[in-house]
Amino acid sequence: MTLTLPGFVDGHCHLDKTLWGMPWRPHVAGATVAERIEAERALRGALPVPTIERGRALLEQMIACGTTALRTHVDIDTARKLDDLHAILELREQNRGRVDMQIVAFPQSGILRDPGVADLLDAALKEGADLVGGLDPVGIDRDLKGHLDVVFALASRHGKGVDIHLHDGGESGLAQIEDIAVRTAAHGLGGKVAISHAFALGDAKPEALGRVADRLARADVAIMTHAPGAASMPPVKALREAGVEVFSGSDNIRDLWSPYGNGDMLERARLIGYRQNFRRDEDMLIALDLVTEAGRRATGLGGGDTVVDVEAETIAEAIATCPPRLAVRRGVSRVVT
Ligand SMILES: [Zn+2]
């Protein structure tokens, strides 16, 4: 039978980084975040296909899979400057009405360790970026206060949201999450701040997890998880039960950071369920929520008038089997599942 699902939300991707549509390219970067940053900086400028064309190829794939709302982080650093932002702003304009797109000005090389980035972020927000990003304030910039001071000052000055990549784990990661929650409340930015990855929540002992989750819920800070392959994954059910909004996205899709990914958020739901050990149908519904309505709630993205038809008896079966899309229909006023 034909099953109709809500349109998908990809709450975290990198349209500017992708190699989609290019010949296969073996992965060469090292294993750490810092090594991947350096590898990308060395190779990115020499790619033979312009950012807008690579981004467009991936965007078409994502739309064909049923995603009509997405948040893309765009690299802002002293090597890329605003070039990729301009490409993705143009891509967004060309696809207005087809896809609802938010752009995060993302300091991929850090802020303090790459002098000039703070000004570039400021310019990016003036030119149309919707949110200011951040990256491992301790792990990359080695300065929690300095990094977050810049991020939250920019968000306040421009009246924009925040979405911070946080790979840092352990006690340091938890402390950074708590600091972000405190600053969110202090700046009155509740509902406009997300922490992407937050691997530290996946390592946390129950007592610490409860404390940090409560702080996140009270500050209304959302957590984005892409169901990482090897890193610790935030516990989705425990966070939701504590009142924390959890949503999902693809993150890297066939780029210089990862050879994996295909922009299919139904497959992402399957990965979430697999990593979280969701076996019962009611748990698998949570995985679907992360790639649909939770994404809309956390980001404010649209796409709620899109539905996706697949061949399946139930939502749980669709998540487990990840069937091809029969149709992606827009302008549908009511979602029937
Ligand atoms: Zn990312």
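Me: Which residue in β11 does Val310 stand opposite?
Reply: This is a predicted model. Strand β10 covers residues 307-311 and pairs with β11 in the antiparallel sense over four bridges. In this pairing, the residue of β11 opposite Val310 is Arg325.

Me: Which strands stand at the edges of the sheet in the order β1-β10-β11, and why is one side of each left without a neighbour?
Reply: The three strands form an open sheet with antiparallel pairing, and the twist averages 25° from one strand to the next. Each edge strand has a single partner strand, so one side of each is left without a neighbour in the sheet. The edge strands are β1 (2-6) and β11 (325-329).

Me: What are the edge strands of the sheet of eight strands?
Reply: This open sheet runs in the order β2-β3-β4-β5-β6-β7-β8-β9, with parallel pairing. Its twist averages 25° from one strand to the next. An edge strand here pairs on one side only, and the two that do so are β2 (8-13) and β9 (246-248).

Me: Which residue in β8 does Ser196 stand opposite?
Reply: Strand β7 spans residues 193-197 and strand β8 spans residues 221-225. The two run parallel and are joined by four bridges. Opposite Ser196, in β8, stands Met224.

Me: Is strand β5 largely enclosed or left open by the rest of the structure, and why?
Reply: On one side of β5, Leu131, Gly133 and Leu135 are buried. On the other side, Val132 and Gly134 are buried, so both faces are covered. Five of the five residues of the strand (residues 131-135) are buried, so β5 is largely enclosed.

Me: Which residue in β5 stands opposite Ala105?
Reply: Ala105 lies in strand β4. Strand β4 (residues 100-106) pairs with β5 in the parallel sense over two bridges. The residue opposite Ala105 in β5 is Val132.

Me: Is Ala105 buried or exposed?
Reply: A residue counts as buried if 20 or more other C-beta atoms lie within 10 Å of its own. Ala105 has 31 other C-beta atoms within 10 Å, so the term that applies is buried.

Me: Which residues touch the most other members of the largest nonpolar core?
Reply: Nonpolar side chains tend to be buried together in soluble globular proteins. The largest nonpolar core in this model has 94 residues. Leaving aside neighbours within four places in sequence, Ala105 is in contact with residues including Val74, Ile76, Leu85 and Leu121. The members that touch the most others are Ala105, Leu121 and Ile223.

Me: What distance separates the C-alpha atoms of Ala105 and Thr72?
Reply: Ala105 and Thr72 are 33 residues apart along the chain. The separation of their C-alpha atoms is 9.0 Å.

Me: At what angle do helix α5 and helix α6 pack?
Reply: Two packed helices are described by the angle between their axes and the distance between the axes. Helix α5 (residues 144-158) and helix α6 (residues 170-186) have axes 11 Å apart. The crossing of α5 past α6 is right-handed. The angle is about 35°.

Me: How many nonpolar, polar and charged residues has the contact of α5 with α6?
Reply: From α5, the contact is made by Leu144, Leu148 and Phe152. From α6, Gln176, Asp179, Ile180 and Arg183 take part. By class, these residues are four nonpolar, one polar and two charged.

Technical notes
Residues numbered from 1 in each chain as written. Predicted model: local features only at pLDDT ≥ 70, side-chain atom pairs only at ≥ 80, totals over all residues. Axes fitted to C-alpha atoms, helices over the stretch in contact; angles between N-to-C directions. Left-handed = near helix turned anticlockwise from the far one by under 90°. Contact = placed C-beta atoms within 7 Å. Nonpolar A, V, L, I, M, F, W, Y, C, P; charged D, E, K, R; others polar. Core = buried A, V, L, I, M, F, W, Y, C linked by C-beta atoms within 7 Å. Buried ≥ 20, exposed ≤ 12 C-beta atoms within 10 Å, placed from the backbone. Pairing = 2+ DSSP bridges.
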